[in-house]
Amino acid sequence: MKKLMIIMFCFLLLFSFNSNGQAEKGIVPGEIFGDLRARHIGPALMSGRINDMETHPTNPRIIYAGTAGGGVWKSNDAGTTFNSIFDEYCQSIGAVAIDPTNPDNVIYVGTGETWTRNSVSVGDGLYKSIDGGSNWVKMGFEKSERISSINVNPKNSNEIYVSVLGALWSDSEERGVYKTTDAGATWNKILYVNPKTGCADFAMDPTNPSILYASMWEFRRTGWSFESGGANSALYKSTDSGKTWNKIHNGFPEGNLGRLGIAVAPSNSNILYTVIEAVSDVKKGLYRSDDAGKSWNQLNNDFGITVRPFYFSKIVVDPKNADVVVKGGLSGSISRDGGKTFKNLGNMHSDIHDIAFGINDSDIMYVGTDGGVYRSWNQGTTMEIVENLPLSQFYHVSVDNETPYNIYGGLQDNGSWYGPSSSSGGIEARDWNPIGGGDGFRVLKHPTKNIIYSEMQGAENVWRYDVDNKLIKTVQPLPQKGYPKLRFNWNAPMAVSAHQPDRFYMASQFLHKSEDMGNTWQIISPDLTTNDKTKQQQEGSGGLSADNSGAENHTTVFTIAESPLDENIIWVGTDDGNVQVTTDLGKTWTNTSLNIIGLPKNTWVYHIEASVHDKSTAYAVFEGHTTGDMKPYTYKTTDYGKTWKSIISEDVVGFVRNIQEDYVNPDLLFLGTEFGLYITLDGGEQWSKFTNNMPSVAVHFIELQKQTNDLVMGTHGRGVIIIDDISPLRDVTVANMEKTVHFFNSKPTVMVDQDGFGGSFGTETQFVGQNPTKSFQLKYLLPKRHTFGKMSLEIQDMEGNLISEISPGKAKGINIVNWSYSIKQPKVAKGKTFSFGGFTSPRVPAGNYKAVITKGKETFEHQFELVYDKNSNLSEDEHKMKHTTIMKMYDMTQELAYLVYELDEIIVNVPASNKKLLASLNSLKESLVITTGDNYVGSAEPQLREKMTDLFSKISGSYDKPSSAELESLSIIEERFEKAKKEFESLKKKSKLTDLKVKSFEEFIKE
């Protein structure tokens, strides 16, 4: 008995522990997101970087694009349009491959971009689909970081080669060439050099899959330098399916080599091309072998061939002509004489990364650039862009307070732009406006003036743009006497004061302040960085090919955050790990980084968010991926940085780029990571990934629009993504989760009258950004899914009269149900053709209404308000008159429908012998509805139904009150209808069908 009591006591203890643990754990955010969804607004007119282009081996209509940060896209119409097929997985793509023996179904994707600039993302392994891209499974290589190529033996689908370029910022044992002979169940590494040398390119002989070529590249990037090349870079060949490898360097330059591309001519596998990065500039360039690699000859040393080898090393040979070869580069180069001479490809976005020829017609080419996918029908002479790939890579976004609000942002290699959050017909390419060139980064709107600040890389130019007068002025801080050379980050920080509208901040190693919008500058800090001289040798960056673009500028300030509560408090974060704060507008500074426990020294401070709730509180995001540290780091201080607490949980996957604090609920935080968006409801104790129409894309910046509560994200690969109205998340509490139904508060809904003429023509093949809904949205919380019993939703007026029945949301979490604040269309008289004006649902008048949910025997009510659009400029009396007129016509339309129904019943039942009466009845009907023709070319003369419903539709669809002309037309229609009714009653009596059974008006309308 004693033993039993001990066991029961332990069980109770354990139960208590688990219960408390669950209570402490609270609400898992991912379980309640429900109907909250992201919407994508692009843009696509500047698109984004493409890493790999692949064609289907037998179907010329199917094309694949592997993108730098926007996933995998598939075209089924020869590149006219593309659809995303890889949203749920890592969006940074290195290689796409199609199984030649089963090309309709089997696709492989290797993640991790291979053009190793400073801003590239990382991959997380190899994926396979066996249903044409609908579903994917991971095949390993989780730590590969970058997969450069995948090759399937065309004679044996179980034999696959995977080339791993590997880590960019650190050593990696995963580098090299791997092989499987069992379709990926097991892998063997068949070529490996060392942890710094990866496989940059790989080719298989198209006539003999046992013959393989592999380009091994020694490279390393740090936050302050890039090194391409070394003694271990080499080109290898195997003739025994990878069992043994030999260097094939006969004719190569002496000394260290850098990145080498490799291509085998499909029409003659003895012809090989490679592009070599070498020590000697004159020895760099394109080499050709006509004996399968036994010997090589240099053919071309043009700048277009040798420029930036780490970024441009792709070589592609025409499948039908071994002398037609294309090389990636700034403009892309094509040779038609076997590589002896080249000319640029046609006009398109610069930076060409991959090329694919049409499988049946070599005049057709698909080209992947930094600005998207282009097509050519004349072998590259002229190019046209694919218009529906929203792959833009934003570094930063901001918003204004216009209606609709605008989003501002800077893009990788695509300048700076702004565009609306909604537009008539959807957000089109023409809605976006350029406001800067180069690589675009931060873009900020002046708080009170129609002035926009934008910048290009390294603060080389900072523009102040007067939008109204179209005046541009450069306003970047310039060198000052007594100060050293200014060091601006490639992504230089800017900030506009919330307290003094003309105050503008920028930062180099110093914080610069301007009180006159950038005309004059004052340095208000010491050097806020570590000022480590060993990290300031950018002029030597590049390795075998000098590459000092400014991307490696280091020991710089990267983020500025002015307190929204106190203009004297400014936070600054540097790329070498310092978190500095001033509480006296720059007179004194405190470096708080030593107070952060558990953070590796010198870890990049990527973003600081000053709290809107407490001026001593701030959040700091750190990311160490430039040292090979992929862990997420986010900290919070509540005492000006004296102490810091980590607010990252094990739920977060991927290093962190940004954090956004909610303006209302301090425990509601949004985290932008390299693999998507995470949300916490409890200040960081638990995070959940948001996946509702939200791909696993790198979220570089997050902004919250205060008036609309919209979460606006600038992603590095999928453009701008918005979650409309996140306010329900503020109200998800333990107490509310215990209710059967909890309604979220709703602001008065404006019944928008504004409209426009957009999206009709010219967007057939374009990406068009989705608009937010104009409907009223009923939002409520269900603690668990409704599965059994009846659940209904009605919209009622305040007296309880039914207005509309709507299907309710029944899922666990946040449910959102749209109502267009209208009643159902009127019942329209039956005729030979449609009466298109009758397809009109009139709005209800402004006022208070009730949403009534019935769950089983319980009823739950929520009151909400509809208000008129102030832009219509109608008085209250005018609104009433308009509504009265509309409903008068609504009732007339239904009355006419019933009259025609009765008339038809009489016609059917009148004896055929009574020809005179039948003629009169049919004549009346012909005056009421159209009885001949069709809905288009055979249209008959409009009758009373058409005149009535067309006027009804016009008045209902107008923002304005009925005009005098419309009211006069209405009186004519009324007069004609009254006459018809009298004639009908007379004919009805003459029919003498006293026992005719017809439905009542109510039955007919309800039918």
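## Strands, a helix pair and some unusual backbone spots

Strand β21 pairs with strand β22 (residues 297-300) in the antiparallel sense, over 3 bridges. Please keep in mind while you browse that this is a predicted model. The points below start with the neighbours of β21, move on to an open sheet and a pair of helices, and end with the backbone.

**Around strand β21**

- Strand β21 covers residues 285-289, and 5 of its 5 residues are buried, so the strand is mostly covered, with buried meaning under 20% relative accessible area.
- Within the pairing of β21 with β22, you will find tyrosine 287 opposite glutamine 298 of β22.
- Strand β20 (residues 272-278) also pairs with β21, again in the antiparallel sense, and here there are 5 bridges.
- In that pairing, tyrosine 273 of β20 faces arginine 288 in β21.
- β20 and β21 together make a hairpin, and 6 residues lie between the two strands.
- As background for looking at these strands, side chains in a regular strand alternate between the two faces of the sheet.

**An open sheet of 4 strands**

- Another place to look is an open sheet whose 4 strands run in the order β44-β45-β46-β47, with antiparallel pairing.
- The edge strands are β44 (557-562) and β47 (590-591); each has a single partner strand, so one side of each has no neighbour in the sheet.
- At the β47 end, strand β46 (residues 579-582) is paired with β47 in the antiparallel sense, over 2 bridges.
- Glutamine 580 is placed opposite asparagine 591 of β47.

**Helices α5 and α7**

- Helix α5 (residues 915-928) packs with helix α7 (residues 964-991); their axes are 11 Å apart and the angle is about 160°.
- The two helices α5 and α7 therefore count as roughly antiparallel, because angles over 145 degrees fall in that class.
- The crossing of α5 past α7 is left-handed.
- On the α5 side, the contact is made by Leu917, Ser920, Leu921, Leu924, Ser927 and Leu928.
- On the α7 side, the contributors are Arg976, Ala980, Glu983, Phe984, Leu987, Lys990 and Ser991.
- Sorted by class, the residues in this contact of α5 with α7 are 7 nonpolar, 3 polar and 3 charged.

**Cis peptide bonds**

- Most peptide bonds are trans, and most residues other than glycine have a negative phi.
- Glycine 42 and proline 43 are joined by a cis peptide bond, with omega of about 5°.
- Proline 43 sits in the loop that links β1 (38-42) and β2 (50-55).
- Threonine 403 and proline 404 are also joined by a cis peptide bond, with omega of about -5°.
- Look for proline 404 in the loop between β31 (394-399) and β32 (406-411).

**Positive phi outside glycine**

- Alanine 78 is not a glycine, yet its phi is positive, near 60°.
- This alanine 78 belongs to the loop between β4 (72-75) and β5 (83-84).
- Is alanine 78 buried or exposed? With 18% relative accessibility, alanine 78 counts as buried, because the cut-off is under 20%.
- Serine 241, which is not a glycine either, has a positive phi of about 60°.
- You can find serine 241 in the loop between β17 (234-238) and β18 (246-247).
- Serine 241 counts as buried too, at 12% relative accessibility.

Key. Residues numbered from 1 in each chain as written. Predicted model: local features only at pLDDT ≥ 70, side-chain atom pairs only at ≥ 80, totals over all residues. Heavy atoms only, no water. Pairing = 2+ DSSP bridges. Axes fitted to C-alpha atoms, helices over the stretch in contact; angles between N-to-C directions. Parallel < 35°, antiparallel > 145°, perpendicular 65-115°, else oblique. Left-handed = near helix turned anticlockwise from the far one by under 90°. Contact = heavy atoms within 4.5 Å. Nonpolar A, V, L, I, M, F, W, Y, C, P; charged D, E, K, R; others polar. Buried < 20%, exposed > 50% of the residue type's maximum accessible area, 1.4 Å probe, protein only.
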